[in-house]
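Trainee: Before we discuss any details, could you put the model on the screen so that we can work through it together, one question at a time?

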Amino acid sequence: MAESLRARIGALPFDVRQYMLITGNYWAFTITDGALRMLVVMYFHQLGYSPLQIAMLFLFYEAFGVVTNLVGGWLGARLGLNRTMNVGLGLQIVALAMLMVPAGMLTVVWVMTAQALSGIAKDLNKMSAKSAVKVLVPADSANANSALYRWVAMLTGSKNALKGLGFFVGGVLLTLIGFRGAVVAMALMLGAVLGLSLWRLKADLGKQKVKPKFSEIFSKSRAINVLSAARFCLFASRDVWFVVALPVFLYDQHGWSHWTVGGLLAAWIIGYGGVQTQAPRLTALFHGDARMLTAGWAAALAVLAILMALLPLVQVGWLVVGLLAFGVLFAVNSSWHSYLIVHYARADGVSMDVGFYYMANAMGRLVGTLLSGWLYMAYGLSACLWVAAALVAASALMALALPRQVA
């Protein structure tokens, strides 16, 4: 059976095999990324850290992601996406190794430094994977845009589904083998994935023909700049209530266990990823140009966030229903944005345009994460939801400045 499977894979077109390898690489990394986030939130809350202190642990993770996307896109264009992807895997292994020290050495500064490396690793890996899709999808086919949207949606959706699985894995591992055992297990898994990637991933994938200057890292495209600003607000609107405030609220106010909190967040992100894979079908139900579609989906999410802010949070059932609905609309918005950036990006030097865009994405996560800890501690979960509504409404307004047509 193993020989038959290898023969079938070998018979696939080269580009498809490379896409499968990139996706598998991205999947493995994403599981550890989600698990590590849940481990850090729950383990350090268990040690008595406040929500704002926990948010600060992710400060370098998000801040270094901003820089990495800018510089990483430039490196990808000069060195090749295979190299930036493999460097990302290696850095994640180093970050996990830093957390294997005895509990007494896990100071705030040490954990923030490990999270900084993890943030660099994650954004190198993501930028490489998203950029590689643009390189691998044939641009001269009759349905090139449709195929590109499907490939991007599948990669993004599957990644987020597995990040949700990572949340659950993190909660389970923390319960079964403890914090240190969990990071050791994840480092060993990633070591095997890195070996396979070094062996089979195509050299010089996405390498630009003319090496770009460092001064070219900032996008000169109006469409990409507008989309990047909208993405900043979109992701800040999610993380301002989801990253720190929601798990701590469920744990403290409703007495949920680590398993239960991790399970809910895992189910949400898995479902969110599943919806992302179907985004091409959902957006096809509505006709219109890119500008109106982008603004319309964001406006729908803003209305939902307002309704959630008005919910009685003592009724956790209503919060869960709102959370699930938010996941569906956010998934469509995110997947549509991910397609637009790959579509707008230049074929030669795609990693630089994608890197700039995901710099804005990382900045949104950074701002959202910090606000999540501070707002929850100062004003509670309802305030986090009101700020989320305002941010996603701003994203909808910014989308009105996009070009009228996708093509």
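Trainee: In which helix is the place of Thr68, and does Thr68 count as buried or exposed?
Mentor: This is a predicted model, and in it Thr68 has its place in helix 4, which covers residues 59–79. Buried means under 20% relative accessible area, and because the relative accessibility of Thr68 is 10%, Thr68 counts as buried.

Trainee: How many Å apart in space are Thr68 and Gly119, C-alpha to C-alpha?
Mentor: Along the sequence, Thr68 and Gly119 are 51 residues apart. In space, taken from C-alpha to C-alpha, the separation of Thr68 and Gly119 is 8.2 Å.

Trainee: What is the secondary structure of the protein chain, and what percentage of its residues count as buried?
Mentor: The secondary structure comes to 16 helices and zero strands. Among contacts between residues at least 6 apart in sequence, 87% join residues at least 24 apart. The chain exposes about 15,900 Å², with carbon and sulfur atoms supplying 70% of that area. Of the 407 residues in the protein chain, the share that counts as buried is 59%.

Trainee: Which helix gives the largest share of the largest nonpolar core?
Mentor: The largest nonpolar core has 112 residues, of which Phe44, Trp241, Leu246, Phe326 and Leu381 touch the most other members. The largest share of this core, 14 residues, comes from residues 316–344, that is, from helix 14.

Trainee: Which residues does Phe44 touch, not counting those up to four places away in sequence, and how many residues are in the other core that lies apart?
Mentor: With residues up to four places away in sequence left out, Phe44 touches Leu39, Tyr49, Ile54, Leu57, Leu106, Val111 and Phe179. Apart from the largest core lies another, with Ile22, Tyr26, Met85 and Leu155 among its members, and its residues number five.

Trainee: Is Ile341 buried or exposed, and which residues does Ile341 touch, not counting those up to four places away in sequence?
Mentor: Ile341 lies in helix 14, and because its relative accessibility is 0%, Ile341 counts as buried. Ile341 and Tyr358 are 17 residues apart in sequence and 9.4 Å apart in space, C-alpha to C-alpha. Not counting residues up to four places away in sequence, Ile341 touches Ile224, Leu227, Asp353, Val354 and Tyr357.

Trainee: Which side chain is joined to that of Ser334 by a polar contact of 3.1 Å?
Mentor: Ser334 lies in helix 14, and since its relative accessible area is 1%, Ser334 is buried. Leaving out residues up to four places away in sequence, Ser334 touches Arg231, Leu234, Phe235, Tyr272 and Gln276. The polar contact of 3.1 Å joins the side chain of Ser334 to that of Gln276.

Trainee: How far apart in space are His343 and Tyr149, C-alpha to C-alpha?
Mentor: His343 is found in helix 14, and because its relative accessibility is 17%, His343 counts as buried. His343 and Tyr149 are 194 residues apart in sequence, while the C-alpha to C-alpha distance is 8.3 Å.

Trainee: Which side chains meet in a salt bridge, and how many salt bridges does the structure hold?
Mentor: The side chains of Asp239 and Arg238 meet in a salt bridge, at 2.7 Å from N to O. Asp239 is buried because its relative accessible area is 2%, and Arg238 counts as buried because its relative accessibility is 9%. The number of salt bridges in the structure is one.

Trainee: With which residues is Arg291 in contact, leaving aside its neighbours within four places in sequence?
Mentor: Arg291 lies in helix 13, and since its relative accessible area is 16%, Arg291 is buried. With neighbours within four places in sequence left aside, Arg291 is in contact with Ala399, Leu400, Ala401, Leu402, Pro403 and Arg404.

Trainee: Which helix gives the most to the nonpolar patch on the surface?
Mentor: The patch is formed by Val303, Ile306, Leu307, Leu310 and Trp386, with about 480 Å² of accessible area together. Ile306 is partly exposed because its relative accessible area is 35%. The helix that gives the most to the patch, with three residues, spans residues 290–309 and is helix 13.

Key
Residues numbered from 1 in each chain as written. Predicted model: local features only at pLDDT ≥ 70, side-chain atom pairs only at ≥ 80, totals over all residues. Heavy atoms only, no water. Patch = residues over 30% accessible without salt bridge, like charges linked within 9 Å, V, L, I, M, F, W, Y side chains within 5 Å. Areas by Shrake-Rupley, 256 points an atom, 1.4 Å probe, with all protein chains shown as cover. Salt bridge = Lys/Arg side-chain N within 4 Å of Asp/Glu carboxyl O. Helix = DSSP H or I, 4+ residues; strand = E, 2+ residues; numbered from the N terminus. Buried < 20%, exposed > 50% of the residue type's maximum accessible area, 1.4 Å probe, protein only. Core = buried A, V, L, I, M, F, W, Y, C linked by side-chain atoms within 4.5 Å. Contact = heavy atoms within 4.5 Å. Polar contact = N/O pair within 3.5 Å; in protein donor to acceptor, adjacent residues only side chain to side chain.
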